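This report goes through one protein model, from its surface to its side-chain pairs. Please keep the sequence and the structure in view while reading.

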Amino acid sequence: WRLLAALATCLLLYMMAVLLDVGVLIPAVLLLASTLLLQVLLMYYRVDIGKQKHFLWVAFRANNDVDQDEEDSFRKEWDVFRKQSQDSTSELRNACASLDSAISELRAW
């Protein structure tokens with residue numbers, strides 16, 4: 001019931017802050033608090049958080065060899081793509097140069 005009372009209080013304070021036009025920050029913080037309290041209230045009875053005495057820990061993965069292999073393959077693919085892009089750019093510049101020379105010959109006529 002304490003969560004429900006806290007939610008009702010936050011929503012009431014939010015409504016009063018909006019109606020009294022106290023600015024933007026205070027209603028935003030109250031709305032955020034109300035939303036978080038509502039999420040906790042909706043999940044509290046579903047997952048029995050109050051009865052559980054253990055916590056979920058986020059583990060750090062120390063297996064970096066797989067990541068290094070993936071990074072190396074990505075780097076190789078990127079190098080191939082860069083080489084193809086440079087080749088395409090040089091071909092395009094050569095084609096533009098030949099078109100410029102053909103246009104200059106036509107203008108000379």
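## A nonpolar patch and its surroundings

Six residues, Leu-12, Leu-13, Met-16, Leu-20, Val-22 and Ile-26, make up a nonpolar patch on the surface, and together they have about 570 Å² of accessible area. The model is a predicted one. Which helix gives the most to the nonpolar patch? Helix α1, residues 2–20, does so, with 4 residues.

One member of the patch is Leu-13, which lies in helix α1. Leu-13 has a relative accessible area of 40%. It counts as partly exposed because this value falls between the limits of 20% and 50%.

## The overall fold

The protein has 3 helices and 0 strands. Read from the N terminus, its elements follow the order α-α-α. The chain holds 109 residues, and 7% of them are buried. The accessible surface of the protein is about 10300 Å², and carbon and sulfur atoms account for 65% of that area.

## The loop between α1 and α2

Asp-21 is located in the loop that joins α1 and α2. The phi angle of Asp-21 is near 55°, which is a positive value in a residue that is not glycine. Most residues other than glycine have a negative phi. Is Asp-21 buried or exposed? Asp-21 has 64% relative accessibility and therefore counts as exposed, since the limit is over 50%.

## A buried serine

Helix α2 covers residues 25–47, and Ser-34 is found in it. With a relative accessible area of 3%, Ser-34 is buried, because the limit for that class is under 20%. Which residues does Ser-34 touch, leaving out those up to four places away in sequence? They are Leu-7, Cys-10 and Leu-11.

## Pairs of side chains in helix α3

Helix α3 covers residues 65–108 and holds both Asp-79 and Arg-82. Side chains of opposite charge can pair when their charged atoms come close. How many salt bridges are counted? The count is 2.

In one of them, the side chains of Asp-79 and Arg-82 meet with 3.7 Å from N to O. These residues are 3 positions apart, about one turn of the helix. Asp-79 is partly exposed, and Arg-82 is partly exposed as well.

Lys-83 forms a salt bridge with Asp-87, and the closest N and O atoms are 3.4 Å apart. Both of these residues lie in helix α3, with a spacing of 4 residues, again about one turn of the helix.

The structure also holds 1 aromatic pair. It is formed by Trp-78 and Phe-81, with 5.6 Å from centre to centre and 40° between the planes. Why is this pair called tilted? The angle of 40° is neither under 30 degrees, as for stacked rings, nor over 60, as for edge-to-face rings, so the pair counts as tilted. Trp-78 and Phe-81 both lie in helix α3, 3 residues apart, about one turn of the helix.

The table lists the relative accessible area of the residues in these pairs.

| Residue | Relative accessible area | Class |
|---|---|---|
| Asp-79 | 38% | partly exposed |
| Arg-82 | 40% | partly exposed |
| Lys-83 | 48% | partly exposed |
| Asp-87 | 32% | partly exposed |
| Trp-78 | 42% | partly exposed |
| Phe-81 | 47% | partly exposed |

Methods:
Residues numbered from 1 in each chain as written. Predicted model: local features only at pLDDT ≥ 70, side-chain atom pairs only at ≥ 80, totals over all residues. Heavy atoms only, no water. Helix = DSSP H or I, 4+ residues; strand = E, 2+ residues; numbered from the N terminus. Buried < 20%, exposed > 50% of the residue type's maximum accessible area, 1.4 Å probe, protein only. Contact = heavy atoms within 4.5 Å. Areas by Shrake-Rupley, 256 points an atom, 1.4 Å probe, with all protein chains shown as cover. Patch = residues over 30% accessible without salt bridge, like charges linked within 9 Å, V, L, I, M, F, W, Y side chains within 5 Å. Salt bridge = Lys/Arg side-chain N within 4 Å of Asp/Glu carboxyl O. Phe/Tyr/Trp six-rings, centres within 6.5 Å; stacked < 30°, edge-to-face > 60°.
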